[in-house]
Amino acid sequence: MAVARLRSLGAWKALERHFAEVRGVHLRALFAGDPGRGERLVAEAAGLYLDYSKQRVTDETLRLLVALAGECGLRERIDALFRGDKINATENRAVLHVALRAPQGRRIFVDGADVVPHVHAVLARMADFAERIRSGAWTGHTGRRIRNVVNVGIGGSDLGPVMAYEALRAFSARDMTFRFVSNVDATDFAEATRDLDPAETLFVVASKTFTTQETMANAHTARAWCLAALRDEAAIARHFAAVSTNAKLVREFGIDVANMFEMWDWVGGRYSMDSAIGLSTMIAIGPARFREMLAGFHAMDEHFRTAPPERNLPVLMGLLAVWYTDFFGAETIAVLPYDQYLKRFPAYLQQLTMESNGKSTTLAGARVDYETGPIYWGEPGTNGQHSFYQLLHQGTKLVPCDFVAFARSHHPLGRHHDLLMANVFAQTEALAFGKTADEVRADGTPDALVPHRVFEGNRPSSTILAEQLTPAILGALVALYEHAVYVQGVVWDVNPFDQWGVELGKQLAGRIVPELESDAEPTLAHDSSTNALIRRYRAQRRPAG
């Protein structure tokens with residue numbers, strides 16, 4: 001039987017000994033003993049400045065973490081990723097989201113074929129289609145201009161496009177409306193389309209196989225919605241595009257395969273926002289801006305590929321996540337963007353991180369005997385400050401935090417941005433250093449209230465700072481987290497590129513659907529709870545009378 005080997009590594013054992021020595025050291029002491037710490041423990045690349053000085057690490061911690069990465073073969077695994085090796089071992093696939101943003105002329109091979117020319121061919125087709133939609137050259141079935149674009153997908157086919165659209169709304173075509181439908185709950189479709197005119201609406205159906213249950217249910221509802229108004233099957237070809245590889249089903253749906261944009265099996269859904277899955281993003285911001293975003297991705301890719309580990313942003317962030325997850329026992333990481341445009345960024349990261357590393361089996365099939373896959377979550381500041389920051393500051397749980405902020409706002413109204421940024425810097429300072437009982441008393445606080453107003457501090461955080469949220473910076477930011485996730489997966493010896501854990505629920509749902517829809521009382525063979533729930537739903541699903 002395979003055995004997880006991580007705990008047996010020399011660097012791991014050294015980290016265990018080191019953790020016992022430093023676990024009680026306070027950030028106050030670390031800063032007091034190293035006045036230049038705040039300028040020394042930083043790294044910069046692709047327009048992003050990472051300050052990790054408020055993390056509970058010493059130079060020795062970082063040295064040992066880098067040694068652990070080396071002992072886990074990180075350098076070789078990075079090379080394998082960029083080489084196009086089939087590192088998705090459980091599905092025997094290459095993992096080449098980096099090829100989606102490789103510049104023309106770069107050569108990346110899969111099964112002996114250079115994939116970069118094919119990527120750029122699809123990008124060129126996307127750009128042509130997007131420009132025709134944006135300019136009004138492409139019209140709907142009645143000859144009216146397309147003014148509404150509705151992306152229909154789920155998981156990576158939704159979370160990336162909606163996050164990117166919201167993040168880059170300042171660059172989007174303001175004379176157009178963009179909506180996103182993912183949930184199979186009919187409310188999602190109904191609310192997304194209730195004020196739209198079918199004659200002016202284009203649906204982008206994103207499903208690699210064109211069989212994804214939730215996506216195709218919404219796509220067929222969209223088809224019926226269009227036909228109810230336009231009353232001509234030929235209208236479908238003017239109001240639908242597809243992101244798929246299944247030309248047969250796309251054609252049967254009524255979509256012109258000339259408006260089908262290809263994906264590849266070497267790109268996982270949660271790593272695909274810069275592929276044809278980003279068609280709605282490209283329509284929103286235009287092909288030139290989309291290429292700027294790809295350039296930002298590529299800049300971070302090159303940094304990850306070439307920078308030494310001690311100055312490598314994704315390596316540092318990935319190793320810090322391992323440090324807190326496996327040694328401090330932290331179960332979550334909060335991502336706190338101080339920019340309203342990034343309101344969907346934490347939700348996007350939830351899939352990227354937790355679908356990737358939410359694993360309990362090593363690549364060799366052994367059960368892990370250490371923690372993997374922390375829970376990522378968050379909310380834009382300053383909203384979160386009036387919601388859950390109380391727990392971050394004075395709760396019993398240790399929650400490492402990533403603060404994401406920008407020096408310039410797209411909307412410089414009065415003193416708003418200075419107030420926003422003051423809160424970023426104040427929160428990281430307060431989390432790190434807290435407020436002692438003596439400091440609380442010095443404020444004149446009555447003794448009875450002193451314990452309630454003490455802030456322990458020693459709560460770790462990183463700050464990611466950029467000049468302004470642009471397409472290039474968004475690309476770099478997403479690539480930063482993509483590669484940090486890979487670093488974690490390498491250390492934990494899990495496959496960050498499969499997602500078998502989502503399959504069982506799909507299989508059971510496929511079995512239950514006919515049991516819910518049957519006119520006759522079905523014979524149920526589930527557990528007693530599921531059987532009872534199905535019977536109760538069947539009894540209550542229609543209004544009385």
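1. In this predicted model, L50 has I464 as its bridge partner in β13, and the contact between the two strands, β2 and β13 (residues 461-466), is antiparallel and built from three bridges. L50 also serves as the bridge partner of A43, so that β2 is worth following from both of its pairings when one reads the structure.

2. The other pairing of β2 (residues 48-51) is with β1 (residues 42-45), again in the antiparallel sense, and here four bridges are found. The two strands form a hairpin with two residues between them, and in that hairpin A46 takes a positive phi near 55 degrees.

3. A separate group of five strands forms an open sheet with parallel pairing, in the order β6-β5-β7-β8-β9. The edges are taken by β6 (177-181) and β9 (260-261), and because each of these has a single partner strand, one side of each is left without a neighbour in the sheet. Inside that order, β5 (residues 148-152) runs parallel to β7 (residues 201-206) and is joined to β7 by five bridges, with V150 standing opposite F203 of β7. As general background, strands of a sheet pair through backbone hydrogen bonds, either parallel or antiparallel.

4. The helix α15 can be checked for its length: at 1.5 Å a residue, its 13 residues should span 18 Å, and the end C-alpha atoms are indeed 18 Å apart, so the expected and computed values agree. Its buried residues are F345, P346, Y348, L349, Q351, L352, T353, S356 and N357, and these pack against α7, β10 (332-337), β11 (375-377) and α20 (471-492). As a general point when reading such a list, an α-helix has 3.6 residues a turn, so residues three or four places apart point the same way.

5. The largest pocket has a volume of about 930 Å³, and of the 34 residues that line this pocket, T212, G269, Q499, E503 and K506 are the closest to its centre. Four helices, α7 (156-167), α9 (213-230), α15 (345-357) and α21 (503-517), each supply at least two residues of the lining, so α15, whose buried residues pack against α7 among other elements, belongs to the description of the pocket as well. By class, the lining divides into eleven nonpolar, 14 polar and nine charged residues.6. The second largest pocket holds about 350 Å³ of space. Its lining consists of 16 residues, and those nearest its centre are D339, Q340, S409, H417 and L420. Five of the lining residues are nonpolar, ten are polar and one is charged.

7. Some backbone details deserve a look by eye. A cis peptide bond, with omega of about 10 degrees, joins G381 and T382, and T382 is placed in the loop between β11 and α16 (389-394).

8. Two residues that are not glycines have a positive phi of about 55 degrees, namely N92 and R231. N92 belongs to the loop between α5 (74-83) and β3 (109-110), and with a relative accessible area of 53% N92 is exposed. R231 is found in the loop between α9 and α10 (236-239), and at 71% relative accessibility R231 likewise counts as exposed.

Note on methods:
Residues are numbered from 1 along each chain as its sequence is written. This is a predicted model: local features need pLDDT of at least 70, side-chain atom pairs count only at pLDDT 80 or more; totals for chains, interfaces and linings use all residues. Side-chain values use heavy atoms; hydrogens and water are left out. On a 1 Å grid over the protein atoms alone, a cavity is a set of points where a 1.4 Å probe fits but cannot get out, and a pocket is an open set with protein on both sides within 12 Å along at least five of seven lines; lining residues have an atom within 4 Å of a point. Grid points are joined across faces, edges and corners, and a volume is the space filled by probe spheres set on the points. Ala, Val, Leu, Ile, Met, Phe, Trp, Tyr, Cys and Pro count as nonpolar, Asp, Glu, Lys and Arg as charged, and the others, Gly among them, as polar. The expected span of a helix is 1.5 Å times one less than its number of residues. Buried means under 20% relative accessible area, exposed over 50%, partly exposed in between (1.4 Å probe, protein chains only). Contact means heavy atoms within 4.5 Å. Two strands pair if DSSP finds at least two bridges between them.
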